[in-house]
Amino acid sequence: MPAEQPAPVEDAACFGYRFKEKRWLEQALTHRSVACERAGAARPHNERLEFLGDAVVGLVVSAWLFQTFARKPEGELTRLRAQIVRSSTLADLARRAGLAQRLLLGKGAERQGVRQQERMLAAAFEAVVGAIFVDGGWEAARSSVEQFLPGLLRQLEPASEANPKGALQELLAHAGRPAPEYRLVEVQGPPHQRRFTVELHCGPDLVVRAEGASRKSAEEAAARAALGRLGDAGGATREKEIGQASGI
């Protein structure tokens, strides 16, 4: 026999929010397997709140990234948002918030190990955010999600900065443009102190030259410079052209 399941928490303390109507939190933490096993009992489960919370989380993250990174190009913002709202990240937040222990599951789902499934935990996180939105409105939901974002960013942003070539290629691909082309144009210095010069061509309208102690480091420096140009004020026209080329 599975252990008796805990009652839902009375508030969402880890979200910085106390519910006015506790039924919303209880619904957010109730898996559909509970309703399926209780024939005739129309107990609401969390799928509708998950649907709502998914949209709320996406909007909060998008707005926060837009305001926090005024100079990052659209492609980089899209990549960061995708990392934040993916199931593995939201499931980790659900575990930190103690939602795994608070989920109400049917006996069959409990035996199948649903409680620790990544997708189920992510859904629970989204459902709680949806419940906060219904109970307390936009500002409550926004602040509940935003409190997690700075910490997440410290984990995610270094990875993106470490792969500027991938970030640039993703941005150009998203815009329907050809892949960037790296050309080695010069190698200087003695064997133990080589300096490599690379030209990066992103179509006819953007050419960047950069140096490095290796060809790889020179290409990465060029990619970073190209991303910077696409994100600065002078690159606004280029971004507009990129959008037009892709039909955005």
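Two strands pair if DSSP finds at least two bridges between them; strands here are DSSP runs of E with at least two residues, helices are runs of H or I with at least four, and both are numbered from the N terminus. The model is a predicted one, in which local features need pLDDT of at least 70, side-chain atom pairs count only at pLDDT 80 or more, and totals for chains, interfaces and linings use all residues. Residues are numbered from 1 along each chain as its sequence is written, and side-chain values use heavy atoms, with hydrogens and water left out.

A good place to begin is the hairpin that β2 and β3 form, with five residues between them. In its turn, G203 has a positive phi of about 80°. Strand β2 (residues 195-201) runs antiparallel to β3, and six bridges join the two; L200 stands opposite V208 in β3. Side chains alternate along β3 (residues 207-212): V208, A210 and G212 point to one face and are buried (under 20% relative accessible area, with a 1.4 Å probe and protein chains only), while V207, R209 and E211 point to the other face and are not buried.

Strand β2 also holds E199, which counts as buried because its relative accessibility is 18%. The side chains of E199 and H201 are joined by a polar contact of 3.1 Å. Leaving aside residues up to four places away in sequence, E199 touches (heavy atoms within 4.5 Å) E181, Y182, R183, V185, V207, V208 and R209.

Turning to the helices, Q83, I84 and V85 in α4 meet S87, T89 and L90 in α5.

Technical notes. Buried means under 20% relative accessible area, exposed over 50%, partly exposed in between (1.4 Å probe, protein chains only). A polar contact is a pair of N or O atoms within 3.5 Å; within protein, one must be able to donate a hydrogen and the other to accept it, and residues adjacent in sequence count only if both atoms are side-chain atoms.
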